[in-house]
Amino acid sequence: MVSVEEATSIILSNLFQPKTSKVNLNECLDKILAEPIVADRDFPPYDRATMDGIALAFDSHQKGVANFRIESVQAAGEHRKKLKSDVACIEIMTGATLPEGTDTIVPYEQIEIKNDHATINSKQVAKGQNIHLQGSDAKKDHLLLETGTVISPAEVALLASIGKTSVSVVSAPKIVIISTGNELVDIEQTPAPHQIRKSNSYALQAALAELGIDSALLHLADDQDQLKTEIKQALLDFDVLLLSGGVSKGKFDFVPSALESLGVHKLFHQVSQKPGKPMWVGKVGNKFVFALPGNPVSTFLCFHRYVKPWLLRSMGTKPITSKAILSKSFSFKGDLTYFLQVKLANIEGKLMAEPIVGGGSGDFVNLKEVDGFLELPSNKSEFSAGETFDYLAFR
Ligand code: AMP
Ligand code: MG
């Protein structure tokens, strides 16, 4: 048996080595960047007008010129023009490059134009105003995005602006979810009184889908030979096996022995936690097996507490961690880390976690009432209202 801290550290020091692939820019959303992205030119690439108005030499204005002849017009998308006379100006549009010989833009709101002359009617003109200077956001060759960045629409804008039509992203591992148990039937079947539908498979598949990861489904009976044959094949076909059920001390819990007999090296079996104590984790080469206890709340907790951060770290990005404040005192006796089901409320900027205990690790109806788990450490049994703990969100 290992502690929650030991289990975490073992898992995170045994990461999967993912492959990478090139995807088109329009397919990269929510994926994880597998290459550094560098500015191909200055941002912005030229001194850019940020207002429509006139561009002029500030010195002339300071010397007292208030009426400027309009020499020409500098539109966005035109080659850079040159101011010929320093007592003249050039009409300029937002997004245009600042003409040579000018250094200040006075917007239409501060001028009056009559007979091709602009008169400044504001005393508030400052040198350099309304110009977005070349390279002021990022210089050429500057690192814009690090490897491991999750691509959101903001990153898509940067990728597009440097002309990346395709981008290298981290490929998700190939995952199969294997439910085990003779009592389980497919969800389209009507179960007999002694049977249940295999809801864990779909909960896990949905949790993976939230991470943008596809998965296959398989169901195996509590049968040593079948488990060995099918798991052997799954280890050839997939990178990660996510099992549920069959890892406890029951007479028909054959999963750990089947895995070990196939040469899967056990990293740990059993974690001092509630729920989810019987969890088994192992690896063989770059293939990983997470055998989660079958009770639905245990499966759910173990996925979010261990498998999800392991997947995110393996793919080069960091899971989001957070803390919340216990809103009602709670006691738990037992030398275990207790994952308390809680409902979260944001009260004046503070995340308050209200215990909604439910009927134990089999009561997955309760999960619809809660938002996540508060991780109550094993070194005490009384937890007071107002204390802060690690919070594991699943919504
Ligand atoms: P086990 O870990 O195999 O001892 O299973 C513990 C409990 O979880 C039993 O009541 C099982 O029926 C239930 N269970 C196991 N697998 C699933 C599943 N895929 N979906 C829903 N419940 C399950
Ligand atoms: Mg079982």
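Is Cys89 buried or exposed in this structure? Cys89 counts as buried, because its relative accessibility is 0%. Before I continue, please note that we are looking at a predicted model.

A second cysteine deserves a mention beside Cys89. Cys302 also counts as buried, since its relative accessibility is 0%. Cysteines raise the matter of disulfides. A disulfide is a covalent bond between the sulfur atoms of two cysteines. When the whole structure is searched, 0 disulfides are found.

Let me turn to Ser314. This residue lies in helix α7, which covers residues 296–314. Ser314 has a relative accessible area of 8%, and it is therefore classed as buried, the limit being under 20%. What does the side chain of Ser314 reach at 2.7 Å? The partner is the backbone oxygen of Trp310. Leaving aside residues up to four places away in sequence, Ser314 touches Leu15, Phe16 and Pro18.

I come now to the surface. Which residues form a nonpolar patch there? They are Ile187, Tyr202 and Leu217, and together they have about 230 Å² of accessible area. Within this patch, I would draw your attention to Tyr202. Tyr202 is placed in helix α4, which runs over residues 199–210. With a relative accessible area of 32%, Tyr202 is partly exposed, because this value falls between the 20% and 50% limits.

To review the residues discussed: Cys89 is buried, Cys302 is buried, and Ser314 is buried, whereas Tyr202 is partly exposed. Thank you for your attention.

Note on methods
Residues are numbered from 1 along each chain as its sequence is written. Chains are lettered from A and ligands numbered from 1 in the order in which they are written. This is a predicted model: local features need pLDDT of at least 70, side-chain atom pairs count only at pLDDT 80 or more; totals for chains, interfaces and linings use all residues. Side-chain values use heavy atoms; hydrogens and water are left out. Patches are made of residues with over 30% relative accessible area and no salt bridge: like charges are joined within 9 Å, nonpolar side chains (Val, Leu, Ile, Met, Phe, Trp, Tyr) within 5 Å. Accessible areas come from the Shrake-Rupley method with a 1.4 Å probe; for residues, only the protein chains shown count as cover. A salt bridge is a side-chain nitrogen of Lys or Arg within 4 Å of a carboxyl oxygen of Asp or Glu. Helices (H or I, at least four residues) and strands (E, at least two) are DSSP runs, numbered from the N terminus. Buried means under 20% relative accessible area, exposed over 50%, partly exposed in between (1.4 Å probe, protein chains only). A disulfide is a pair of cysteine sulfur atoms within 2.5 Å. A polar contact is a pair of N or O atoms within 3.5 Å; within protein, one must be able to donate a hydrogen and the other to accept it, and residues adjacent in sequence count only if both atoms are side-chain atoms. Contact means heavy atoms within 4.5 Å.
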